[in-house]
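Hello,

Here is the structure I promised to pass on to you. Have a look at it first, and then read on for what turned up.

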Amino acid sequence: NFQGQTLQPQPVPAMLDFRRLLYFCTIVEQGQISRAAKSLHISQPTLSQSLRELEDELGLTLIHRTGGSWQVTERGQSFYQEAQRILTQVDDLARNISNPFAGDSDIFGEVRVGCSGFCLSFFLNILPRMEREYPGVRVRVMVADNISLETKVQRHSLDLAILQLPLVYGNCVTIPLQEQHFVAAWSPLLESPPEGMVSLEELARHPLLLSRRWSNSGTFRPFIIAMQEKGLKPRIILDTPASYILLDTLPSLPAVAILPHTEIPPARSADFPVRRIDLPKLIFRPSIIWRKDDYLSPQTDKLIDLLCEAERITRPR
């Protein structure tokens with residue numbers, strides 16, 4: 001009681017339930033309530049009820065629902081980005097607040113990186129420096145084809161990916177890396193080819209191992225077409241999106257592997273005669289990508305910086 005007036009207690013906004021934030025983010029990422037419920041191992045009615053409670057608590061419509069279709073609202077997208085940032089920070093806090101490996105660095109936590117089998121060298125080149133400068137950072141690497149990696153980036157299952165352009169989606173930041181040309185690596189069981197460029201006719205004389213996208217699109221179409229235009233019929237005995245498999249195969253198989261020049265480690269270049277292929281249009285453009293609207297954790301941000309510094313390129317801000 002103050003000068004005859006009674007002070008009324010003011011309502012205190014309820015704290016947001018982290019579980020509801022997780023549920024909402026999962027719905028957005030899975031693109032479907034039923035699929036999100038399955039991912040979370042809860043019933044669909046329970047998840048729908050949680051979404052209604054969250055919207056009531058915020059006084060906002062996060063997802064328009066009409067019959068069997070739905071769409072995230074503009075405010076829902078903004079809320080999703082903030083919720084994702086909060087959940088990432090909470091997850092990192094529990095795991096890293098007493099990280100014994102971080103030393104004096106305030107950068108620690110997990111980074112989820114996707115790598116095309118054609119682009120692993122770009123990541124592997126920076127790993128020693130990452131360990132020296134940021135020992136509290138743990139990197140999880142998924143090696144897959146372009147389409148799988150792009151889908152994972154779109155669903156926020158990966159923080160970034162290193163793959164070959166072009167992309168399917170147009171909502172990503174892209175940083176081009178060193179262009180790749182393709183070379184032929186000879187098995188030590190074969191007679192070494194002459195120095196200089198190797199012709200398609202010479203390649204057609206040997207069993208071939210190709211590094212190729214699993215979708216069978218893009219990467220080796222110019223190579224196959226060029227062979228066909230010359231009336232050549234290459235004998236392809238193995239193709240894979242993982243270039244490193246080809247080098248492991250060559251010591252025991254008399255064949256020629258065709259792969260990006262960046263994917264032959266310097267330590268192994270002496271093991272196989274390597275020749276540039278006489279096909280100038282067989283050039284590809286690797287790139288770092290991540291979603292424009294994604295929150296980049298400090299450790300993800302540093303990894304991108306290291307990739308750019310290794311390639312001596314200026315990172316766009």
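Let me begin with strand 7 and its partner strand 12 (residues 283–284): the two run antiparallel and are joined by two bridges. Within that pairing, Gln-180 of strand 7 has Phe-284 as its bridge partner in strand 12. Please keep in mind throughout that this is a predicted model.

Strand 7 has further partners. With strand 10 (residues 256–260) the pairing is antiparallel and extends over five bridges, and here Trp-186 stands opposite Val-256. Strand 11 (residues 274–276) also runs antiparallel to strand 7, with three bridges between them; Ala-184 finds its bridge partner there in Arg-275.

How buried is strand 7 (residues 180–186)? Seven of its seven residues are buried, so the rest of the structure largely encloses the strand. In a regular strand, side chains alternate between the two faces of the sheet. Both faces of strand 7 turn out to be covered. On one side sit Gln-180, Phe-182, Ala-184 and Trp-186, and on the other His-181, Val-183 and Ala-185, all of them buried. Some of these residues have already come up above: Gln-180 as the partner of Phe-284, Ala-184 as that of Arg-275, and Trp-186 opposite Val-256.

Strand 3 (residues 109–115) is worth a look too. Six of its seven residues are buried, so this strand is likewise largely enclosed by the rest of the structure. Its pairing with strand 4 (residues 137–143) is parallel and comprises seven bridges. Cys-115, for instance, has Val-143 of strand 4 as its bridge partner.

Now for the helices. Helix 5 (residues 120–133) and helix 10 (residues 298–311) have axes that come within 9 Å and cross at roughly 120°. Roughly perpendicular ends at 115 degrees and roughly antiparallel applies over 145, and the two helices are therefore oblique to each other. The crossing of helix 5 past helix 10 is right-handed.

Which residues of helix 5 and helix 10 meet? From helix 5 they are Phe-122, Phe-123, Ile-126, Arg-129, Met-130 and Glu-133. They face Gln-299, Leu-303, Leu-306, Leu-307, Glu-309, Ala-310 and Glu-311 in helix 10. By character, the residues of this contact divide into eight nonpolar, one polar and four charged.

If you open the model, strand 7 with its antiparallel partner strand 10 would be a good place to start.

Best wishes

Key: Residues are numbered from 1 along each chain as its sequence is written. This is a predicted model: local features need pLDDT of at least 70, side-chain atom pairs count only at pLDDT 80 or more; totals for chains, interfaces and linings use all residues. Side-chain values use heavy atoms; hydrogens and water are left out. Axes are lines fitted to C-alpha atoms, for helices over the stretch in contact, and angles run from 0 to 180 degrees between N-to-C directions. Helices (H or I, at least four residues) and strands (E, at least two) are DSSP runs, numbered from the N terminus. Angles under 35 degrees count as roughly parallel, over 145 as roughly antiparallel, 65 to 115 as roughly perpendicular and the rest as oblique. A crossing is left-handed if the near helix is turned anticlockwise from the far one by less than a right angle, and right-handed if clockwise. Contact means heavy atoms within 4.5 Å. Ala, Val, Leu, Ile, Met, Phe, Trp, Tyr, Cys and Pro count as nonpolar, Asp, Glu, Lys and Arg as charged, and the others, Gly among them, as polar. Buried means under 20% relative accessible area, exposed over 50%, partly exposed in between (1.4 Å probe, protein chains only). Two strands pair if DSSP finds at least two bridges between them.
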